[in-house]
Protein chains: 2
Amino acid sequence: MPKQPRPASEPSLPLQLVVDRTSPVPLYYQLSQQLESAIERGVLTPGSLLGNEIELAGRLGLSRPTVRQAIQSLVDKGLLVRRRGVGTQVVHSQVRRPLELSSLYDDLEAAGQRPATVVLRNTTAAADVAVAAALGVAEGSEVLLVERLRYAHGEPMALLTNHLPTGLFDCDSEALEATGLYRLMRAAGVTLHSARQSVGARAAAPEEAGRLGEEPGAPLLTMERTTFDDTGRAVEYGSHLYRASRYSFEFQLLVRS
Amino acid sequence: MPKQPRPASEPSLPLQLVVDRTSPVPLYYQLSQQLESAIERGVLTPGSLLGNEIELAGRLGLSRPTVRQAIQSLVDKGLLVRRRGVGTQVVHSQVRRPLELSSLYDDLEAAGQRPATVVLRNTTAAADVAVAAALGVAEGSEVLLVERLRYAHGEPMALLTNHLPTGLFDCDSEALEATGLYRLMRAAGVTLHSARQSVGARAAAPEEAGRLGEEPGAPLLTMERTTFDDTGRAVEYGSHLYRASRYSFEFQLLVRS
DNA sequence: TAGTGGTCTAGACCACGTA
DNA sequence: ACGTGGTCTAGACCACTAG
């Protein structure tokens with residue numbers, strides 16, 4: 001009997017998968033990385049089945065729980081979908097950028113826009129009510145205040161105002177102009193854990209408009225964010241203004257199941 | 001020796017935990033629900049340790065992997081933090097609202113604002129370039145078009161424009177005025193999987209301003225969203241306008257680790 | 001050194017979807 | 001009826017952290 005043209009949902013798995021047991025990298029992680037890269041490179045096409053877990057485990061010389069752990073991590077990332085009685089398949093969706101704690105610096109760099117930063121202020125100040133509440137410090141206590149103007153393609157893009165608790169890390173203006181705030185914090189050993197964000201819009205005040213190269217009254221995107229480390233300390237409170245004509249927030253999100 | 005005041009990070013676990021093996025609810029889920037509710041109610045205070053997994057498993061008559069599965073799900077939600085050599089503790093952070101595929105209707109309802117909706121249009125139309133690209137259909141093909149004005153406290157809040165593939169579900173205007181679009185889709189058996197969003201701002205055009213009760217040129221928040229089901233089909237493309245003076249997007253997000 | 005989470009195994013039975 | 005993923009067990013060894 002002649003072979004039928006293979007439907008997109010049939011197992012397509014000559015796929016080279018190998019694990020190195022001498023490596024310190026966890027086996028499930030090696031596997032999930034290989035699967036992810038195969039999906040990324042298009043070797044595993046959308047809709048294709050992965051083959052059942054038992055057989056996959058046998059073929060790799062792994063136990064089923066280990067294989068499941070690898071697959072589960074990709075399901076959590078939204079790359080795979082499991083269906084009982086059917087199998088595990090590569091998701092069809094076209095976009096697969098995960099939602100991260102986005103850094104404007106990284107965003108711009110990824111877009112090939114070579115960001116530039118001018119530090120307008122880098123000093124200490126007394127915390128006002130809002131800042132004190134966000135950072136969980138006493139009103140009037142001393143906090144770091146950083147104000148930056150960020151450019152892309154030589155055009156101003158955003159006015160970034162940050163408040164940070166003192167003593168957290170060394171906030172050097174030169175370093176701030178060379179990279180982003182989050183990178184500095186991570187480099188200083190701060191482990192970012194979660195953030196609370198609020199995105200809105202308002203009209204530009206005259207001074208803000210002047211700095212950003214917009215007309216007074218022009219629409220600006222606003223973002224306020226408080227970031228916490230894994231001990232629950234607030235490590236940063238940002239209050240940012242973006243030119244709506246030049247910037248928008250893009251992200252993908254997964255539906256909690 | 002007199003007892004020292006207990007530091008916040010010490011195990012505090014008289015905590016009543018029980019599992020019902022006759023229940024169809026998975027054991028790990030019963031456990032994670034109980035832990036989550038204990039955290040929510042403040043019985044497990046921020047910073048308190050959970051006690052090691054082995055002992056917890058023994059006390060509940062469960063195996064360690066099952067207990068780990070329960071704990072892991074809460075770690076993924078950002079409620080718990082694990083540290084090797086230390087233990088598992090309740091995260092200190094004050095806010096713990098997860099990021100979801102937010103529905104304006106649900107948001108307003110949760111805020112106690114009793115949303116009202118007026119359907120302005122509910123018809124079919126030919127897909128233009130943008131809509132066709134977003135939904136993955138041919139340009140000019142027929143799609144559903146829904147335009148709604150949403151009110152809170154009797155004030156207009158947002159102008160919602162949605163395009164949907166035909167034949168997906170019954171798009172009844174009365175139902176649309178009684179609840180949100182996502183609820184209708186879920187009720188029709190559509191399993192939402194992921195969405196691609198873009199949030200920006202712009203000035204209100206005269207007609208938009210009129211409908212929303214703003215002045216022309218007033219800043220509006222814009223949101224475009226394409227939602228996919230678990231087969232990768234685009235099931236909805238929305239292009240929405242919010243009064244910036246009355247609405248902003250709020251969400252929490254976790255740092256991928 | 002002792003205690004914790006991180007990883008891994010080799011099985012088992014069940015529930016659900018498809019046919 | 002069959003094959004799939006969903007759940008669960010009872011162990012094991014290792015890596016990291018604290019004291």
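Pro219(B) is the residue of chain B that sits closest to the rotation axis, with its C-alpha 2.5 Å away. That axis comes from laying one protein chain over the other in this predicted model: turning chain B by 180°, with 0.0 Å of shift along the axis, puts it on chain A with an RMSD of 0.1 Å. The two copies are thus related as by a two-fold rotation axis.

What do the copies use to meet each other? Every interface residue of chain B, 100% of them, is also an interface residue in chain A, so the copies meet through the same surface. In numbers, 43 residues of chain B touch 43 residues of chain A. The contact buries about 4,000 Å² between the two chains, and carbon and sulfur atoms give 56% of that area.

Polar links also run across this interface. Four salt bridges are counted between chain B and chain A; one of these pairs the side chains of Glu250(B) and Arg196(A), at 3.2 Å from N to O. On top of that tally, 15 residue pairs across the interface are found in polar contact. On the chain B side, at least two residues each come from strand S1 (80-83), strand S6 (192-203), strand S7 (219-229) and strand S9 (249-254). S6(B) supplies the largest share, 12 residues. Sorted by class, this side of chain B has 20 nonpolar, 13 polar and 10 charged residues.

Now for the DNA, starting with strand C. There are 25 residues around it, and Arg21(A), Leu27(A), Ser63(A), Thr66(A) and Arg84(A) come nearest. Of the DNA strand C atoms that come within 4 Å of the protein, 70% belong to sugar and phosphate. Thr66(A) places a polar side-chain atom 2.6 Å from a phosphate oxygen of this strand, while Arg84(A) uses a backbone N or O atom, 3.1 Å from a sugar or linking oxygen. Chain B joins in through Thr88(B), where a side-chain N or O atom lies 3.3 Å from a phosphate oxygen of DNA strand C.

Both chains build the surface near DNA strand C: helix H1 (27-40) and H3 of chain A, plus H3, S1 and strand S2 (87-90) of chain B, each give at least two residues. H3(A) gives the most, with three residues. The class split here is seven nonpolar, nine polar and nine charged.

DNA strand D has 24 residues around it, the closest being Arg64(A), Arg21(B), Leu27(B), Ser63(B) and Thr66(B). Sugar and phosphate make up 69% of its atoms that come within 4 Å of the protein. From chain A, a backbone N or O atom of Glu53(A) lies 3.2 Å from a phosphate oxygen of this strand, and the side chain of Arg68(A) brings an N or O atom to 3.1 Å from a phosphate oxygen. Arg64(B) reaches a base instead: an N or O atom of its side chain is 3.2 Å from a base nitrogen of DNA strand D.

The elements giving two or more residues to the surface near DNA strand D are helix H3 (64-77), strand S1 (80-83) and strand S2 (87-90) of chain A, along with helix H1 (27-40) and helix H3 (64-76) of chain B. H3(B) makes the largest contribution, three residues. By class, the residues near this strand come to six nonpolar, nine polar and nine charged.

Key. Residues are numbered from 1 along each chain as its sequence is written. Chains are lettered from A and ligands numbered from 1 in the order in which they are written. This is a predicted model: local features need pLDDT of at least 70, side-chain atom pairs count only at pLDDT 80 or more; totals for chains, interfaces and linings use all residues. Side-chain values use heavy atoms; hydrogens and water are left out. Copies are superposed by least squares on the C-alpha atoms of residues with pLDDT of at least 70 in both. Contact means heavy atoms within 4.5 Å. A residue is near a molecule or strand if one of its heavy atoms lies within 4 Å of it. A polar contact is a pair of N or O atoms within 3.5 Å; within protein, one must be able to donate a hydrogen and the other to accept it, and residues adjacent in sequence count only if both atoms are side-chain atoms. Helices (H or I, at least four residues) and strands (E, at least two) are DSSP runs, numbered from the N terminus. Ala, Val, Leu, Ile, Met, Phe, Trp, Tyr, Cys and Pro count as nonpolar, Asp, Glu, Lys and Arg as charged, and the others, Gly among them, as polar. Buried area is the accessible area (1.4 Å probe) that two parts lose on being put together, summed over both.
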